[in-house]
Amino acid sequence: MERWVGKVALITGASEGIGASIAEKLVQSEMKVIGCARNIDKLNKTASKINNVGPGEMYPYQCDLNEESQVLGMFQFIREKFKTLHVCVNNAAVIHDTSILEGKTEEWKHMLNVNVLAVLICSRESVKLMRESEVDDGHIINLNSVAGHRIVHKPLYGITKFALSAINQGLRVELIGAKTHIRSTQISPGFVETYLLDKVYPGQGKCDKLFSEMECLKTEDISEAVLYVLGSHPRVNVNDIIIRPTEQLE
Ligand SMILES: NC(=O)c1ccc[n+]([C@@H]2O[C@H](COP(=O)([O-])OP(=O)(O)OC[C@H]3O[C@@H](n4cnc5c(N)ncnc54)[C@H](OP(=O)(O)O)[C@@H]3O)[C@@H](O)[C@H]2O)c1
């Protein structure tokens, strides 16, 4: 990771869960990390915990990825403060309990905006800033899911994650076409010990129930994969990583 020391990374959804763990690892690798989320209090708390250890630094930035103007404002902030960007981790995602046959269009739009459109916008803006500042070895990392590789009962989340697989492949093709060495990678976890599902079904204790039934992945299992991806030699483009808990079937 030595070549990333002092370099600038953006992580979306960095206040908790997998994003916070990735932020922690990149700050430990002496990077400057802009971490965004909507809840600024939670984000500030995460940043000060991470910054207490260092040696890099996390810069909390409040941004709702559902709003393009806020995403563009975040890139303006990065451009003004850091003048460059080397790594973008598209990590944030939302889930609604919705279906094709009975779902509400508003819930679909929210999932498509955050899980798909914001990934496209952040990827475009990241590559633009990398190229403007002559960064030829940047990296875009997208947090996909096993749900992006096979559709099971609640398909909408999977539909957004399948789109992410297509984005990851499309990005690689376009980056090669643009004659840059910027790489794109997707990481697709199975169940990870975060409280993402409890946001969909509040007060039902679904996550703790799942954690008691299966040994799920820890967030650091995913952030260590990010270090592996970034630590690979620039000639190596790790395109796709699927990581399941040993006990997870599907
Ligand atoms: N946990 C799993 O089992 C699992 C499995 C496979 C894949 N994944 C993927 O891994 C990624 C991270 O999941 P996680 O489990 O770590 O989720 P999490 O613990 O719920 O964290 C989600 C993060 O995204 C932020 N976020 C949500 N909506 C946002 C918005 N509109 N604008 C900006 N930030 C927003 C949240 O902060 P705010 O709410 O404050 O905005 C939070 O920081 C997601 O892409 C998810 O699909 C997770």
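**Group meeting: a predicted model and its ligand**

A polar contact of 2.7 Å joins the side chains of Ser223 and Ser21. I begin with that pair, and I should say at once that the model before you is predicted.

Ser223 sits in helix 8. With a relative accessible area of 1%, Ser223 is buried. Leaving aside residues up to four places away in sequence, Ser223 touches Ser21, Ile22 and Lys25. Those contacts bring us to helix 1, which spans 17-28 and is one of the helices that supply at least two residues of the shell around the ligand.

Let me turn, then, to the ligand. How many residues surround the ligand, and which are the closest? The count is 30, and the closest are Ser15, Asn91, Tyr157, Thr194 and Lys199. Besides helix 1, helix 5 (155-177) and helix 6 (196-200) each supply at least two residues of this shell. By character, the shell divides into 15 nonpolar, ten polar and five charged residues.

Three polar approaches to the ligand deserve individual mention. Thr194 places a polar side-chain atom 2.5 Å from an oxygen atom of the ligand. Arg38 likewise has a polar side-chain atom at 2.7 Å from an oxygen atom of the ligand. For Cys63, a backbone N or O atom lies 3.4 Å from a nitrogen atom of the ligand. As for coverage, the ligand on its own has 880 Å² of accessible area, and the protein covers 95% of that.

I move now to the strands. Strand 1, residues 8-12, and strand 2 pair in the parallel sense over five bridges. Within this pairing, Leu10 stands opposite Ile34 of strand 2. Strand 2 comprises residues 32-37, and five of its six residues are buried, leaving the strand mostly covered.

A second parallel pairing involves strands 4 and 5, which are joined by four bridges. There, Val87 has His139 of strand 5 as its bridge partner. Why is strand 5 described as largely enclosed by the rest of the structure? The reason is that five of its five residues are buried. In a regular strand, side chains alternate between the two faces of the sheet. Strand 5 has His139, Ile141 and Leu143 pointing one way, with Ile140 and Asn142 pointing the other way, and all are buried.

Ile140 also leads us to helix 4. Among the residues that Ser126 touches, not counting those up to four places away in sequence, are Phe75, Leu85, Cys88 and Ile140. Ser126 lies in helix 4, which covers residues 105-132. Is Ser126 buried or exposed? Its relative accessibility is 0%, so Ser126 counts as buried. The side chain of Ser126 also reaches the backbone oxygen of Cys122, at 2.6 Å.

I now come to the loops, beginning with backbone geometry. Gly54 and Pro55 are joined by a cis peptide bond, with omega at about 0 degrees. Pro55 is placed in the loop between helix 2 (40-53) and strand 3 (57-62).

Two further loop residues have a positive phi without being glycine. For Lys83, phi is near 65 degrees. Lys83 is found in the loop between helix 3 (68-82) and strand 4 (87-90). For Glu134, phi is about 55 degrees, and this residue belongs to the loop between helix 4 and strand 5 (139-143). Lys83 is exposed, with a relative accessible area of 58%. Glu134 is exposed as well, with a relative accessible area of 74%.

My last residue is Val238, in the loop between helix 8 (219-231) and strand 7 (240-243). Is Val238 buried or exposed in this loop? The cut-off for buried is under 20% relative accessible area. Val238 has 13%, and therefore counts as buried. Its contacts, not counting residues up to four places away in sequence, are Ser184, Thr185, Tyr228, Val229 and Ser232. How far apart are Val238 and Arg183 in sequence and in space? The two are 55 residues apart in sequence and 8.4 Å apart in space, taken from C-alpha to C-alpha.

To close, I return to the ligand: the protein covers 95% of its accessible area, and Ser15, Asn91, Tyr157, Thr194 and Lys199 are the closest of the 30 surrounding residues.

Definitions and conventions: Residues are numbered from 1 along each chain as its sequence is written. This is a predicted model: local features need pLDDT of at least 70, side-chain atom pairs count only at pLDDT 80 or more; totals for chains, interfaces and linings use all residues. Side-chain values use heavy atoms; hydrogens and water are left out. Buried means under 20% relative accessible area, exposed over 50%, partly exposed in between (1.4 Å probe, protein chains only). A polar contact is a pair of N or O atoms within 3.5 Å; within protein, one must be able to donate a hydrogen and the other to accept it, and residues adjacent in sequence count only if both atoms are side-chain atoms. Contact means heavy atoms within 4.5 Å. A residue is near a molecule or strand if one of its heavy atoms lies within 4 Å of it. Accessible areas come from the Shrake-Rupley method with a 1.4 Å probe; for residues, only the protein chains shown count as cover. Ala, Val, Leu, Ile, Met, Phe, Trp, Tyr, Cys and Pro count as nonpolar, Asp, Glu, Lys and Arg as charged, and the others, Gly among them, as polar. Two strands pair if DSSP finds at least two bridges between them.
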